[in-house]
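Visitor: I am new to this structure and would like a close look at a single part of it. Could you take one helix, and then show me what lies around it?

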Amino acid sequence: MSFVSLGGDAGLRPTFFELVAAEKLMPSLKAAVLYSLSVYAQRRPALHRLLDKEDELLFVLSVLLDRQALATSGGSFAEGLYGLRRAPVASGTSSSAGSRQPLSSTERSMSLILLTLVPFLRSKLDALFHRQQQQQRQQSQPPPWHQQQAAQPGGARSGDAPQLQQRWRIAAARAFVLLYPWLAAGHEGARFAYQLLYLLGRTPYYSPGLHLLGLEVVRVTGQEAMQQEQERQRRRSQRLSRLAAPQAGPWLWRLLRQSWARAGHLAADHTRSTLILAVFAFKLLEWWYSSAEQRLGDPKALPPPPPPPPLPPVGVEAGGVQLPGDVSVCPLCRRRRTNPAMLATSGYVFCYPCIHREVEQAGCCPVTHAPARLEHVRRLYQGT
């Protein structure tokens, strides 16, 4: 089995670029899988259910690949591609002093959790944060002016007050939105600090998770690669021998089980190469279609559509504000505009304090009664 090499010395300590390349491999593989499914789902709509559960699908894929890689080579799927594996840090010796001991079952299990479960939970927390942030942003916006006017005559009813459980849920969501960015920034800062220290040669750990487990990433020597291949062939021969034994059942059943086992061995030998080729094919297609669309789209770009017609004033009879004869006068304060601001929903220009106060109180344009919010107020730094 040939590995991808990114240079470095002949010692066991991998270069920083090898670890970065191994770290970026799984996101590229996941993107390739999602792209392939999205293309195939255009003809098979049932696959959209898998795309709706993309985090769970990628989690299962990562578990299968990394579990097999940890069991056979002692490293993750990406680390095995670059000829790397995980090993306990030897106290008092450097990583180039000699080969390390293989991983124990506990270390393999904890490594699998950090490689698969932690990114899965991080993805879920990111999605939850964005949903809660969007909900709070929508709740903080004032309702449209016609809803405010409809709600004023009836007043508030005592039965509309939120229950205690709902209040606690709202408080917990606000605390999560407030604290999660700091926790995520702390996690990313710790990862950056470990990577910087590893690059400077101050620590054998590339990430906080490896430090927590007491593991480091080392290169697989030629002797270790031969030993791994011999051990794999030995286990396969023992399994096929047990399946071929007379006590394993009738001869047809034994033949079917042996054929299934050989097919599994063949798939395991070529799965890694197939997935890596899928990543490169995905990157090639991504570059090809993006450049082709840009080349085809630029010369045939359509002209921008004409602006919509301006909204007419509602008039003083309908409760609107009468427009002054001088365009430099604010329709609200009837004085020459200072610090002009335009209301994007109607296009009329007022003094910034006047229109800010009006929109905050009424929720609409004073000239056209078009619904408006404070984010529709645009300050003009050159009045006309």
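Guide: What follows is a walk along helix 7 and its surroundings. This is a predicted model, in which local features need pLDDT of at least 70 and side-chain atom pairs count only at pLDDT 80 or more, while totals for chains, interfaces and linings use all residues. Residues are numbered from 1 along each chain as its sequence is written, and side-chain values use heavy atoms, with hydrogens and water left out.

Helices here are DSSP runs of H or I with at least four residues, and strands are runs of E with at least two, both numbered from the N terminus. Helix 7 covers residues 164–199, and its 36 residues should span 52 Å at 1.5 Å a residue, which agrees with the 52 Å between its end C-alpha atoms; the expected span is 1.5 Å times one less than the number of residues. Helix 7 nevertheless bends by about 30 degrees at Leu179, with a proline, Pro181, following within four residues. Such a bend is the angle between axes fitted to the seven residues ending at a position and the seven starting there.

The buried residues of helix 7 are Ala173, Val177, Tyr180, Ala184, Gln195 and Tyr198, where buried means under 20% relative accessible area, exposed means over 50%, and partly exposed lies in between, for a 1.4 Å probe and protein chains only. These buried residues pack against helix 1 (16–40) and helix 5, contact being counted when heavy atoms are within 4.5 Å.

Tyr180 gives one link to helix 5, for the rings of Phe129 and Tyr180 have their centres 5.6 Å apart and their planes at 40 degrees, so the pair is tilted. Rings of Phe, Tyr and Trp (its six-membered ring) pair if their centres lie within 6.5 Å, and planes under 30 degrees apart count as stacked, over 60 as edge-to-face and the rest as tilted. The two partners are 51 residues apart in the chain, with Phe129 in helix 5 (residues 105–140), and both are buried. Helix 5 also bends by about 30 degrees, in its case at Leu114.

Further along helix 7 comes Gln195, which is buried with a relative accessible area of 15%. Leaving aside neighbours within four places in sequence, Gln195 is in contact with Phe16, Glu23 and Tyr206, and its C-alpha atom is separated by 6.5 Å from that of Ser207, 12 residues away along the chain.

Tyr198 belongs to a cluster that ring pairs form with Phe16, Phe17 and Tyr206. Arg13 lies over the face of Tyr198, at 4.0 Å from the ring centre; a charge sits over a ring if NZ of Lys or CZ of Arg is within 6 Å of the ring centre and within 35 degrees of the ring normal.

Just after helix 7, Gly201 takes a positive phi of about 80 degrees, and Thr203 lies in the loop between helix 7 and helix 8 (208–213). Thr203 is buried, with a relative accessible area of 11%, and apart from neighbours within four places in sequence it is in contact with Arg13, Tyr194, Leu197 and Tyr198. The side chain of Thr203 also reaches the backbone nitrogen of Tyr205 at 3.3 Å.

Methods
Polar contact = N/O pair within 3.5 Å; in protein donor to acceptor, adjacent residues only side chain to side chain.
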